[in-house]
Amino acid sequence: MPELPEVETVVRTLRPHVQYQTVTGAVLLRASSLHALSMPVGRLAGFCITDVQRRGKLIVFALDGTHAKDTALRAEHAMRLVVHLRMTGRLMTWPADAAPHAYTRCVFDLAGPKGASRLFFDDVRAFGQVLLCPEAVLPQWKYWRSLGPEPLKMTAADFAGRLVGRQSTLKAVLLDQKTIAGVGNIYADECLFAARLHPLRTASSLSAAESARLLRCLKDVLRRSIAQCGSSIRDYRDADGNVGAFQNSFAVYGRSGQPCRHCGNLLQRLCVAGRTTVCCPCCQK
C-alpha cells in the first residue's frame, strides 16, 4: 500500500495536471469503488479543482462549485473528492480521447487552461475508493475522524505524549493511523532502524531522548523518501507514471537474512503487529 511519501509524491505530480481544471463529466465504472458516504460522482460536473492535498494516505481534491451543473450544489464551496489508493490504486491523466483501461474504476473528464484530458482512477485489486461529499460530511467517516496528526508536523512533545502509557510495541504504534497518520510497514521498519530502537520495545518504555530521536529519524526517513519520489516495490507509480527510487536505499525493509549495513550481522525477520518486520538484533535495542 502506498504510504505517506508515495501519496505525497502522487499529490505533487498530479497537481500540475489538474489544478484549475473543470470536471466536465465523471463516470463510475465499478460500484464497489464508491464509498458508502459518497454522492454520485456524476454530480461533479462543473466543479473546478482548486487544489490537491494529502491527509495521511488519502488524496484530497478541493473543489469549487460556483459553476456546478447541479444547481443544488452551487452553494457548496467546500466540496471534497477523496481518493484512497489502498494497495494498487493509481491516478494519472490521459489524452481526452483515451479509452478506459481494463482496471479503470472511475473516469473524470477535465477541461480548462491545460486543455482537455481524462483523469483515470485505476485499481487492479479494487480495494481503493473514491468519496465525493461536502467537507462537513468527512467527520462522519470513522477512518477520517480518527486519523492522527501528520508526523512531519509533530513536535517532540506531541509525539512523546502519544506514547505515554502505551503498552503496545513501537512497531504497532507507528502503524496505528489513530496515533500517527501515513506511516506503514516500510517506513516503520526504516525509522526504527535509523533510531536504533527494536520494534518489540513497548512504546511506554522510551525515554524522552529516545522518543525525540525516533521522531527525528521518522521525519528524516520520510523526507528522504519524498525527495526520491517514494518507494516502488510492485505497483506504485506517481501521477506521471514514474517509479520511486527510495527502495534502493532501504536499510532493513525486505532485507532479512542480509548483512546489516551498520554492523554486518544478519538482519532478523519477525512478525510484529501482524506484519512482516525486519530489524538488526545487534543495533536495535
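The following passage describes the nonpolar cores and the internal cavity of a predicted model.

The largest nonpolar core comprises 32 residues, and those with the most contacts inside this core are Leu-44, Ile-59, Phe-61, Leu-63 and Leu-91. Two or more residues are given to this core by each of α1 (4-18), β1 (22-28), β2 (48-55), β3, β4 (79-84), β6, β7 (117-123) and β8 (129-134), with α1 giving the most, namely five residues. For Leu-63, when neighbours within four places in sequence are left aside, the residues in contact are Leu-44, Phe-47, Cys-48, Ile-49, Thr-50, His-77, Ala-78, Met-79, Arg-80, Leu-81 and Leu-132. A second core, separate from the one described above, holds 28 residues, among them Phe-159, Leu-174, Val-221 and Ile-226.

With regard to internal voids, one cavity of 30 Å³ or more was counted, and the volume of the largest cavity is about 40 Å³. The lining of the largest cavity is formed by Val-23, Leu-44, Ile-49, Phe-61, Leu-63, Leu-81, Phe-108, Leu-110 and Leu-119, and the elements that contribute two or more residues to this lining are β3 (58-64) and β6 (104-111). When the lining residues are grouped by class, nine are nonpolar, whereas no polar and no charged residues are found.

The two descriptions share several residues: Leu-44, Phe-61 and Leu-63 are among the residues with the most contacts inside the largest core, and Leu-44, Phe-61 and Leu-63 also belong to the lining of the largest cavity. Leu-63 is, in addition, in contact with Leu-44, Ile-49 and Leu-81, among others, and these three residues are likewise included in the cavity lining.

Notes. Residues numbered from 1 in each chain as written. Predicted model: local features only at pLDDT ≥ 70, side-chain atom pairs only at ≥ 80, totals over all residues. Heavy atoms only, no water. 1 Å grid on protein atoms, 1.4 Å probe; cavity = no way out; pocket = protein on both sides within 12 Å on 5 of 7 lines; lining within 4 Å. Points joined across faces, edges and corners; volume = space filled by probe spheres on them. Helix = DSSP H or I, 4+ residues; strand = E, 2+ residues; numbered from the N terminus. Nonpolar A, V, L, I, M, F, W, Y, C, P; charged D, E, K, R; others polar. Core = buried A, V, L, I, M, F, W, Y, C linked by side-chain atoms within 4.5 Å. Buried < 20%, exposed > 50% of the residue type's maximum accessible area, 1.4 Å probe, protein only. Contact = heavy atoms within 4.5 Å.
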